[in-house]
Amino acid sequence: MAARNFLVVLVDTVQEAALAAAEKLGAEIRRHRFMLAEAGFLHVTASIGVATFDGHPDYAYLIDRADKALYRAKQEGRDRSVAA
């Protein structure tokens, strides 16, 4: 099954709180079992990259930092949250 990426935006959130929210989201994803009609139950994990606004005016820069943190989480063993 292919991996899926999505973006969550937390407004006025410091890095520590954003990372805690990411950890909580990852724990909730791990806790659930997903039923697929053709394959039975599926266990899902999440690798999460977190980046906080540092004053750079281009939102694409922030998304790029989060994306790089996501791939670092995957390289470090998956199913974890990493801050940029």
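The following exchange between a colleague and a modeller concerns a predicted model of a protein.

Colleague: In what order do the elements of the protein run from the N terminus on?

Modeller: The model is a predicted one. The protein holds two helices and four strands. Read from the N terminus, these elements follow the order α-β-β-β-α-β.

Colleague: What does the C-alpha trace of the protein span along its principal axes?

Modeller: The chain under discussion has 84 residues, of which 21% count as buried. Along the principal axes, the C-alpha trace spans about 45 × 20 × 20 Å.

Colleague: Among contacts between residues at least 6 apart in sequence, what percentage join residues at least 24 apart?

Modeller: A contact here requires heavy atoms within 4.5 Å. Among the contacts in the protein between residues at least 6 apart in sequence, the share that joins residues at least 24 apart is 47%.

Colleague: What part of the accessible surface belongs to carbon and sulfur atoms?

Modeller: The accessible surface of the protein amounts to about 6400 Å². Of that surface, the part belonging to carbon and sulfur atoms is 56%.

Colleague: How far apart do the centres of the positive and negative side chains lie?

Modeller: The protein carries 11 positive and 11 negative side chains. The separation between the centres of these two sets is 7 Å.

Colleague: Is S81 buried or exposed?

Modeller: S81 belongs to strand β4, which covers residues 81-83. Leaving aside residues up to four places away in sequence, S81 touches L19, A22, E23 and I48. Buried means under 20% relative accessible area. Because the relative accessibility of S81 is 14%, this residue counts as buried.

Colleague: Which residues make the nonpolar surface patch of about 580 Å²?

Modeller: One of its members is I63, a residue of helix α2 (residues 59-75). I63 has a relative accessible area of 40% and is therefore partly exposed. The patch is made by L7, V9, V11, Y59 and I63.

Colleague: What distance separates the C-alpha atoms of F53 and V14?

Modeller: F53 sits in the loop between β3 (48-50) and α2. With 63% relative accessibility, F53 counts as exposed. F53 and V14 are 39 residues apart along the chain, and their C-alpha atoms are separated by 8.6 Å.

Colleague: Which residue forms a salt bridge with E28?

Modeller: The structure holds five salt bridges, and in the one formed by E28 the closest N and O atoms are 2.9 Å apart. E28 and its partner R31 both lie in helix α1 (residues 15-31), three residues apart, about one turn of the helix. E28 is partly exposed at 33% relative accessibility, whereas R31 is exposed at 56%. The residue that forms the salt bridge with E28 is R31.

Colleague: How many residues apart in sequence are the parts that R30 and D79 tie together?

Modeller: R30 and D79 form a salt bridge whose closest N and O atoms are 2.9 Å apart. Because R30 lies in helix α1 and D79 in the loop between α2 and β4, the pair ties together parts whose separation in sequence is 49 residues.

Colleague: Are R30 and D79 buried, partly exposed or exposed?

Modeller: Residues between the buried limit of 20% and the exposed limit of 50% count as partly exposed. R30 has 29% relative accessibility, and D79 has a relative accessible area of 28%. R30 therefore counts as partly exposed, and D79 is likewise partly exposed.

Colleague: What is the distance between the closest N and O atoms of E76 and R72?

Modeller: E76 is partly exposed, its relative accessible area being 43%. R72 also counts as partly exposed, at 34% relative accessibility. The two form a salt bridge, and the closest N and O atoms are separated by 3.7 Å.

Colleague: What is the phi of D12?

Modeller: Most residues other than glycine have a negative phi. D12 is located in the segment before α1 and counts as exposed at 81% relative accessibility. Although D12 is not a glycine, its phi is positive, at about 50°.

Colleague: Which residue in the loop between α2 and β4 has a positive phi of about 65°?

Modeller: The residue concerned is not a glycine. Its relative accessibility is 52%, so it counts as exposed. The residue found in that loop with this phi is R78.

Conventions:
Residues numbered from 1 in each chain as written. Predicted model: local features only at pLDDT ≥ 70, side-chain atom pairs only at ≥ 80, totals over all residues. Heavy atoms only, no water. Buried < 20%, exposed > 50% of the residue type's maximum accessible area, 1.4 Å probe, protein only. Areas by Shrake-Rupley, 256 points an atom, 1.4 Å probe, with all protein chains shown as cover. Lys, Arg positive; Asp, Glu negative; His and termini not counted. Charge placed at Lys NZ, Arg CZ, Asp CG, Glu CD. Patch = residues over 30% accessible without salt bridge, like charges linked within 9 Å, V, L, I, M, F, W, Y side chains within 5 Å. Salt bridge = Lys/Arg side-chain N within 4 Å of Asp/Glu carboxyl O.
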